[in-house]
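Hi,

Here is the structure I promised to pass on. Have a look at it first, and then read my notes below.

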Amino acid sequence: MKLPYAEPYRIKMVEPIGQSTPEEREQWIKEADYNLFNLSSSKVFIDLLTDSGTGAMSDKQWAALMRGDESYAGARSFEELKQTVYNITGYQYLLPTHQGRAAENVLFSAMVKEGDVIPGNSHFDTTKGHIEFRKAHAIDCTIDEAFDTELEHPFKGNIDLVKLEEVYKKYTKEKIPFCLVTITCNSSGGQPVSIENVKAVKELSDRYGIPLIFDSARFAENAYFIKKREKGQEHRSIKEICKEIFSYGIGMTMSSKKDGLVNIGGFIALNNEEIFRTASNFTIIYEGFITYGGMAGRDMAALAVGLDEATEFDYLESRITQIEYLGNLLIEWGIPIQRPIGGHAIFIDALKFLPNVPREEFPAQTLGIELYKEAGVRGVEIGTILADRDPETRENRYPKMELLRLAIPRRTYTNNHMYYVAVALKNIFERRNEITKGYNITWESPILRHFTVKLEAAK
Ligand SMILES: *Cc1c(COP(=O)(O)O)cnc(C)c1O
């Protein structure tokens, strides 16, 4: 018999998680104004709100943490991080930040001005927020295949070259500071971008004199998919693939809370000295001195180890295998999910799952609330609430998809937890036709409303 897959690690420390009754959860979610972000974690059994900063560190990372150098300037932990980032990306300039959006804030302060346009593949929400906050525009050039959840395509994060060239033709070079390539593409479902596509985007952008910047939160997962799915890449190491990808850009922003395998942190890495100098000033204003940028020395030390571990094949194989385990159970039970299964999460197609809930009553949010009530599992809406209102017309923006995302923290839950989640969804799926009403907004903030929105059950 062929030996089954098993995780390449064992567990040294455990953390109890709270169970509850359906009646308790019904009450708690009401008190939270039907916003899953408002629930305290003690009221959640399996927390799949995000894979951001929620993972488990390794013994080596904890050991590195103890050896952190807390010097204000030129800490050894900074030098170690800088060397690791250089080894993986080839970028020689490093600016740590307290997390990914801070990297965006610093870099965009240096590069983006009012009226600019930033083409890319489905910009992440904070990224878009930082662009629009500067009165610039994010233009989505993702391939159309990305928006058909059932279509199998190995690289649904790819950029459509025709759409991109239209942007390059419509606006002058001065209005386009860079093209932003998000790897993997979070907003379109954790879907990867191929090397071939990055290369083609680079060639096209070169012709128009536009540089590439990578939004790299899950760059290691992206490299894993390249190795598994792209012809000619199967014999290369993850680190070789990462190095090639980054060679096509002038720099990156990073949320270390994802593929950095740490609980907090971010950075900007660049190979352009001029941008590095300008961005350094903003780092000092917003984050801290340029050799720590809002991070403790020990956190930089743990991050250096984490980046190295995250770019090892065995780690990535165990991570993606777990996500596929959950995804394949759901597929087997006929539950509509985004295909192929992405890198860090399962995305449930709420328009297909809850066809009787009107679009204006937020079907994906409704499914998220149902799942919490059913089993204490917390996911997150990637739909109309997240898409927010148009900054000019203030109308709701209805995205092409209404998704409930179940993000899987790294090295944190077992496959029994995944099975529990799958059964909870199956139970809801079996009574889906009885769910005909969603929720209405009673209060929202003018920007990034999903974090604080208040809702009530639709009558
Ligand atoms: C998480 C994320 C960010 C923002 O990073 P934070 O660390 O959460 O501030 C930016 N872009 C992408 C693609 C992300 O996944």
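**Starting at Ile195**

Ile195 sits in helix α7, which covers residues 195-208. Keep in mind that all of this comes from a predicted model. So is Ile195 buried or exposed? Its relative accessibility is 2%, and because anything under 20% is called buried, Ile195 counts as buried.

Which residues does Ile195 touch, once you leave out its neighbours within four places in sequence? The contacts of Ile195 are Ile226, Glu230, Gln233, Arg236, Ile241, Glu244 and Ile245. If you want another reference point, try Asn158: that residue is 37 positions from Ile195 along the chain, and their C-alpha atoms are 9.5 Å apart.

**Zooming out**

The chain contains 16 helices and 14 strands. It is as compact as a globular protein of its length, because its radius of gyration is 21 Å, close to the 23 Å that the globule rule gives for 459 residues. If you'd like dimensions for a figure, the C-alpha trace spans about 60 × 55 × 45 Å along its principal axes.

As for burial, 57% of the 459 residues count as buried. The chain exposes about 19,700 Å², and carbon and sulfur atoms supply 51% of that area. Now for the contacts between residues with a separation of 6 or more: 72% of them are between residues 24 or more positions apart.

**Two domains**

The chain splits into domain 1, made of 22-44 plus 313-457, and domain 2, which runs over 59-310. Measuring from C-alpha atoms in the model, the centres of domain 1 and domain 2 are separated by 26 Å. How many residues are in contact between domain 1 and domain 2? On the domain 1 side there are 32 residues, in contact with 37 residues of domain 2.

**A patch on the surface**

One last spot to look at is a nonpolar surface patch of about 330 Å², made by Tyr9, Ile11 and Val14. Val14 is located in the segment before α1, the helix that spans 22-31. Val14 has a relative accessible area of 71%, and since the cut-off for exposed is over 50%, Val14 is exposed. Set that beside Ile195, which at 2% relative accessibility is buried.

That's what I have for now. Shout if you'd like to go through any of it together.

Cheers

Notes:
Residues numbered from 1 in each chain as written. Predicted model: local features only at pLDDT ≥ 70, side-chain atom pairs only at ≥ 80, totals over all residues. Heavy atoms only, no water. Patch = residues over 30% accessible without salt bridge, like charges linked within 9 Å, V, L, I, M, F, W, Y side chains within 5 Å. Areas by Shrake-Rupley, 256 points an atom, 1.4 Å probe, with all protein chains shown as cover. Salt bridge = Lys/Arg side-chain N within 4 Å of Asp/Glu carboxyl O. Helix = DSSP H or I, 4+ residues; strand = E, 2+ residues; numbered from the N terminus. Buried < 20%, exposed > 50% of the residue type's maximum accessible area, 1.4 Å probe, protein only. Rg over C-alpha atoms; globule rule 2.2 N^0.38 Å. Contact = heavy atoms within 4.5 Å. Domains from an automatic or database assignment.
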